[in-house]
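The questions below concern how terms of helix packing and burial are assigned. Each answer sets a value against its definition.

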Amino acid sequence: AETGLLAPKGEFPTTPAMGPYTLTKASELARGGGKVVDDISGDEVVVLSYEDANRLKAGILEKDSKGDYVHNPSGKSEHARLRTAAMVEVGLGTGLSLNELRTLTIGKFKRMAAAYTKFHKEDAVHPAEEAVRRYLGDSWHPAEWADEGLGFGVTGSKYDRLPIFITNKKSPTKAILASSVQKDLRKYAHSIFKGDELARGLHPHSLRHTFVTQLLDQSSKAG
């Protein structure tokens with residue numbers, strides 16, 4: 001199944017650079033996965049296929065018949081799990097760089113989600129919005145959904161300037177560190193993909209490269 005993209009149709013992200021990709025190459029990567037050289041770090045990073053992107057998203061929140069999480073690296077807290085799940089959904093849906101993703105504010109994300117809904121249909125909700133709502137709905141977060149949360153449809157919310165992804169509720173203005181994002185993502189990758197190469201090579205930059213290959217693949221089919 002194809003992963004829905006949060007960016008409005010025809011609106012390409014400023015990053016990552018399109019240089020390494022042809023439509024044919026993008027389609028191959030979108031279907032079979034592979035590796036590319038990241039345009040910022042110069043490192044070789046994994047690009048997820050549609051199938052593996054969905055495996056990653058589902059695996060973080062997957063539960064067994066007893067209701068226990070199947071993948072529980074280092075006994076991650078519920079809050080940390082929901083945060084990682086939301087970051088993966090947003091990263092795969094927007095193509096933001098690691099720094100853009102970890103510092104993404106509630107207000108900016110609200111505008112992105114509103115644009116997606118407006119372009120598609122009134123009741124359209126992107127999986128990334130659902131994941132962020134679920135994460136902010138956890139009572140740990142100062143902007144918990146049960147209180148005010150994202151405040152969709154409300155302008156000027158007192159939470160709009162706060163970063164979505166934080167590590168300490170006592171410091172809600174401080175975004176999660178890049179190293180923490182990478183550490184959490186790789187722990188889940190090792191559990192979900194086991195001995196697969198994806199377990200070793202998955203990096204936060206993989207999310208944005210996966211986004212752009214899927215965007216090019218789906219745009220080529222739409223055209």
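Q: What makes the packing of helices α2 and α3 describable by an angle and a distance?
A: Helix α2 (residues 50-61) and helix α3 (residues 78-94) pack at about 160°, and their axes lie 9 Å apart. Axes are lines fitted to C-alpha atoms over the stretch in contact, and angles run from 0 to 180 degrees between N-to-C directions. This is a predicted model, in which local features need pLDDT of at least 70 and side-chain atom pairs count only at pLDDT 80 or more, while totals for chains, interfaces and linings use all residues. Residues are numbered from 1 along each chain as its sequence is written, and side-chain values use heavy atoms, with hydrogens and water left out.

Q: Why are α2 and α3 called roughly antiparallel?
A: Angles over 145 degrees count as roughly antiparallel. The angle here is about 160°, and α2 and α3 are therefore roughly antiparallel to each other.

Q: Which residues make the contact between α2 and α3?
A: Contact means heavy atoms within 4.5 Å. Ala-53, Leu-56, Lys-57, Ile-60 and Leu-61 of α2 meet Arg-81, Leu-82, Thr-84, Ala-85, Val-88, Glu-89 and Leu-92 of α3.

Q: Why does Gly-93 count as buried?
A: Buried means under 20% relative accessible area, with a 1.4 Å probe and protein chains only. Gly-93, placed in helix α3, has 1% relative accessibility and therefore counts as buried.

Q: How do you know that the span of α7 agrees with expectation?
A: The expected span is 1.5 Å times one less than the number of residues. For the 16 residues of α7 (residues 178-193) this should be 22 Å, and the end C-alpha atoms are 22 Å apart, so the two agree.

Methods. Helices (H or I, at least four residues) and strands (E, at least two) are DSSP runs, numbered from the N terminus. Angles under 35 degrees count as roughly parallel, over 145 as roughly antiparallel, 65 to 115 as roughly perpendicular and the rest as oblique. Buried means under 20% relative accessible area, exposed over 50%, partly exposed in between (1.4 Å probe, protein chains only).
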